[in-house]
Amino acid sequence: MSAHQKELDRHFAWFEKKLPPRPAKFVSWVRKPSSIYVRIPLAILLIAGGFLSFLPVLGLWMLPLGLLLFAQDVPPLQKPMAQGLGWIERKWLERQRMKLERERTKSTP
């Protein structure tokens, strides 16, 4: 397992913790190696749906999700996806930290 695959797994685990139990269980199942025959078509459908984001229900959110699933099985996609997820996680944590600081300054007289 490459370093980028490990990084993707770490990000997926973080993501699964944020989800409610049923969707988290589905994401965990889709990530298993035995689910490759479901994961690849699902990734392709999500990517196609992302390109059709101008239609109702379909959205741009589908594109990165499809790429993430596709990256599980396509090594050249693993590095950019791991880097992108790292950037998103850093921004998320920075935003959370700023939010806590704002709340602390509001509560202090």
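# A walk through a predicted helical model

Leu52 sits in the loop that runs between helix H3 (36-51) and helix H4 (62-71), and this position is a convenient place to enter the structure, which is a predicted model. With a relative accessible area of 37%, Leu52 is partly exposed, and together with Phe51, Phe54 and Leu55 it forms a nonpolar patch on the surface, the four residues sharing about 450 Å² of accessible area. Before going further, the confidence of the prediction deserves a word: the protein chain has a mean pLDDT of 88, and 98% of its residues reach 70 or more. Within the protein chain, confidence is highest in H3, at 92, and lowest in H1, where the mean is 86.

From the loop that holds Leu52, the chain leads into helix H4, whose buried residues are Met62, Leu63, Gly66, Leu68, Leu69 and Ala71. The elements that cover these buried residues of H4 include H1, H2, H3 and H5. Ala71, which is placed in helix H4, illustrates this burial, with a relative accessible area of 0%. When neighbours within four places in sequence are left aside, Ala71 is in contact with Gln5, Leu8, Leu77, Gln78 and Met81. Of these partners, Gln5 is 66 residues away from Ala71 along the chain, yet the C-alpha atoms of Ala71 and Gln5 are separated by 8.6 Å.

The charged side chains offer another way to follow how the helices are connected, and a search of the whole structure finds five salt bridges. One of them joins Asp73 to Arg39, with the closest N and O atoms 2.8 Å apart. This pair links distant parts of the chain, since Asp73 lies in the loop between H4 and H5 while Arg39 belongs to helix H3, 34 residues apart. The two partners differ in their surroundings: Asp73 counts as partly exposed at 28% relative accessibility, whereas Arg39, at 2%, counts as buried. Another salt bridge is formed by Glu16 and Arg31, whose closest N and O atoms are 2.7 Å apart. Because Glu16 lies in helix H1 and Arg31 in helix H2, this pair ties together parts that are 15 residues apart in sequence, and both Glu16 and Arg31 are buried.

Within helix H1 itself, the side chains of Arg10 and Glu7 meet in a salt bridge, at 2.9 Å from N to O. Arg10 and Glu7 are three residues apart in helix H1, and they are therefore separated by about one helical turn. Arg10 counts as partly exposed at 40% relative accessibility, and Glu7 is likewise partly exposed, at 28%. The setting of Arg10 also involves Glu89, which is found in helix H5 and which is buried, with a relative accessible area of 12%. If residues up to four places away in sequence are not counted, Glu89 touches Arg10 and His11. Salt bridges that share partners join Glu7, Arg10 and Glu89 into one network.

Aromatic side chains complete the picture, for the structure holds two aromatic pairs. In one of them, the rings of Trp14 and Trp92 have their centres 6.2 Å apart and their planes at 80 degrees, and since planes over 60 degrees apart count as edge-to-face, the pair falls into that class. Like the contacts of Glu89, this pair concerns helices H1 and H5: Trp14 is in helix H1 (residues 3-18) and Trp92 is in helix H5 (residues 75-107), so that the pair links distant parts of the chain, 78 residues apart. Trp14 is partly exposed, with a relative accessible area of 26%, and Trp92 is partly exposed as well, at 37% relative accessibility.

The other pair consists of Phe26 and Trp29, whose ring centres are 6.1 Å apart and whose planes stand at 35 degrees, so the pair is tilted. Phe26 and Trp29 lie three residues apart in helix H2 (residues 21-31), which means that about one helical turn separates them. Both residues are partly exposed, Phe26 with a relative accessible area of 44% and Trp29 with one of 39%.

Conventions: Residues are numbered from 1 along each chain as its sequence is written. Side-chain values use heavy atoms; hydrogens and water are left out. Rings of Phe, Tyr and Trp (its six-membered ring) pair if their centres lie within 6.5 Å; planes under 30 degrees apart count as stacked, over 60 as edge-to-face and the rest as tilted. Helices (H or I, at least four residues) and strands (E, at least two) are DSSP runs, numbered from the N terminus. Buried means under 20% relative accessible area, exposed over 50%, partly exposed in between (1.4 Å probe, protein chains only). Patches are made of residues with over 30% relative accessible area and no salt bridge: like charges are joined within 9 Å, nonpolar side chains (Val, Leu, Ile, Met, Phe, Trp, Tyr) within 5 Å. Accessible areas come from the Shrake-Rupley method with a 1.4 Å probe; for residues, only the protein chains shown count as cover. Contact means heavy atoms within 4.5 Å. pLDDT is the predictor's confidence in each residue, from 0 to 100.
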